[in-house]
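Take a look at the sequence and the fold below. This report walks through some strands, a pair of helices and a few unusual backbone angles.

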Amino acid sequence: MRLLIIDDYGRVAIEDGLIVVPDGSFDATLDYRGTRVRPGLINAHDHLHRNHYGRLGTPPYANAYRWAEDIQQSCAGKIALGRLWPRRAALLEGAWKNLFAGVTTVVHHDPWEGDFGRDFPIRVARVASADSLGMSGVPKIAGAPLALHVAEGVDRAAAEEVRILDCAGLLGPGLIGVHGVGMDADGMARWRAAGAALCWCPSSNLFLFGRTAPAELFVGGVDILLGSDSLLTGAGDLLDELLVARRLGLLSDERLDAAVGTTAAMRLGLPPPDLIPGSLADLIVLSRPLGEAAAADVELVMVGGQPRVASPELAAALAPLFPGGRLVLRGALRRWVWAEIRDETDLHRDADEPGALVATSRRH
């Protein structure tokens, strides 16, 4: 199937999951003049199976370990209910949260799931990860990249984690530290000298600790990636995270764009996100500039040349080419969605059903 997308800046052609030269005939032409086609976003940190719980805890906390201890006691009932979800349904909830926000590749900061290779609607980057030093000890994972929660807190124990990693020989260019809130001056100097990258999740940090990574960490050549974290602590999706990050003013718009694009791809070992012929056809259409956009401004999301989310106005053009798509509601947002296989968890409920949601579940 050959598709052509037109925006104010040119023409993007898709065939067999790739961007191709935009000439010849096409099975369909999607006219998006007035919007912007761009490569799909990369979310460098999420826990896909934990997005259905909602925010848990009564912050602020000294570190993430105290938060984890607290919610096991104070939120035990909510956690028990959340665990009733079938695993695939929980993973899909995280996938669709990301897709509705224009994310086409996500890092699942947990062990690899078999479902990711079974008709999963989003691309999941296969990146080695470990929880944190206080939860899993010093990682014994060979190779890079390695994603690790680091200095997730505001106390001395959080700051000390950078020195522990340095002494263990793990502080280097293959490390992607997630959060980095509690780094002190010595830790930041070591981090910068080692060439390690930082995955920044500001809304999660602000919720748990009332502050985020120190401003000094964002200068001096440290590569920054952006992650939404799960909705256990994060404020929303990756576009919401971009809005929070932009308001904080610690990165230029160009570096924020790279944090969900070129810098993220380079550090995660992924193909460069691009719209040139030969690139993966992972793309989105936004009606507002990145950094200002919310999920309501996402007009189209394609993964491997296949539509996943589209505005209702586009449904008439896409439905004959991709049968089985349906109109759904996610909160107040109405969108046409499509996946190759309908899932037993009733992934897509009709938009005219009362209380319809994407990734709802028949809980057993």
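Start with two neighbouring strands. Strand β15 covers residues 298–303, and strand β16 covers residues 306–310. The two run antiparallel, and 4 bridges join them. One pairing is easy to find: leucine 300 in β15 has alanine 310 in β16 as its bridge partner. Keep in mind that this is a predicted model.

**The open sheet**

β15 and β16 belong to an open sheet of 6 strands. Read across the sheet, the order is β5-β14-β15-β16-β18-β17. The pairing is antiparallel. Which strands form the edges? They are β5 (36–39) and β17 (326–330), and each of them pairs on one side only. From one strand to the next, the twist averages 20 degrees.

**Strands at the start of the chain**

Now go to β1, residues 2–7, and β2, residues 10–15. These strands run antiparallel and are joined by 6 bridges. Within this pair, leucine 3 stands opposite isoleucine 14 in β2. A hairpin links β1 to β2 through 2 residues.

β2 also pairs with β3, residues 18–20. That pairing is antiparallel too, over 3 bridges. Here glutamate 15 stands opposite leucine 18 in β3. β2 and β3 form a hairpin with 2 residues between them. In its turn sits aspartate 16, with a positive phi of about 50 degrees.

**Helix α5 and its surroundings**

Next, find helix α5, residues 156–167. It has 12 residues. From the first C-alpha to the last, α5 reaches 17 Å, close to the 16 Å expected at 1.5 Å a residue. Which residues of α5 are buried? They are Ala158, Ala159, Glu161, Val162, Arg163 and Leu165. The buried residues pack against three helices and two strands: α1 (64–74), α4 (133–136), α6 (185–194), β10 (146–150) and β11 (175–179). Just after α5 comes glycine 169, with a positive phi of about 80 degrees.

Look more carefully at α5 and α6. Their axes are 8 Å apart, and the helices pack at an angle of about 40 degrees. That angle makes α5 oblique to α6. The crossing is left-handed. On the α5 side, Val162, Arg163 and Asp166 take part in the contact. They meet Asp186, Gly187, Arg190 and Trp191 in α6.

**Backbone angles in the loops**

Two aspartates outside the hairpins also have a positive phi. The table sets them side by side.

| Residue | Phi | Loop | Relative accessibility |
|---|---|---|---|
| Aspartate 119 | near 55 degrees | between β7 (103–108) and β8 (123–125) | 34% |
| Aspartate 229 | near 60 degrees | between β13 (224–226) and α8 (238–248) | 4% |

For each of them, the positive value occurs in a residue other than glycine. Is aspartate 229 buried or exposed? Aspartate 229 counts as buried, because its relative accessibility is 4% and the cut-off is under 20%. Aspartate 119, at 34%, counts as partly exposed.

One more loop deserves a stop. Proline 60 lies in the loop between β6 (41–46) and α1. What kind of peptide bond joins proline 59 and proline 60? The bond is cis, with omega about 10 degrees.

Definitions and conventions:
Residues numbered from 1 in each chain as written. Predicted model: local features only at pLDDT ≥ 70, side-chain atom pairs only at ≥ 80, totals over all residues. Heavy atoms only, no water. Expected span 1.5 Å × (residues − 1). Buried < 20%, exposed > 50% of the residue type's maximum accessible area, 1.4 Å probe, protein only. Contact = heavy atoms within 4.5 Å. Pairing = 2+ DSSP bridges. Axes fitted to C-alpha atoms, helices over the stretch in contact; angles between N-to-C directions. Parallel < 35°, antiparallel > 145°, perpendicular 65-115°, else oblique. Left-handed = near helix turned anticlockwise from the far one by under 90°.
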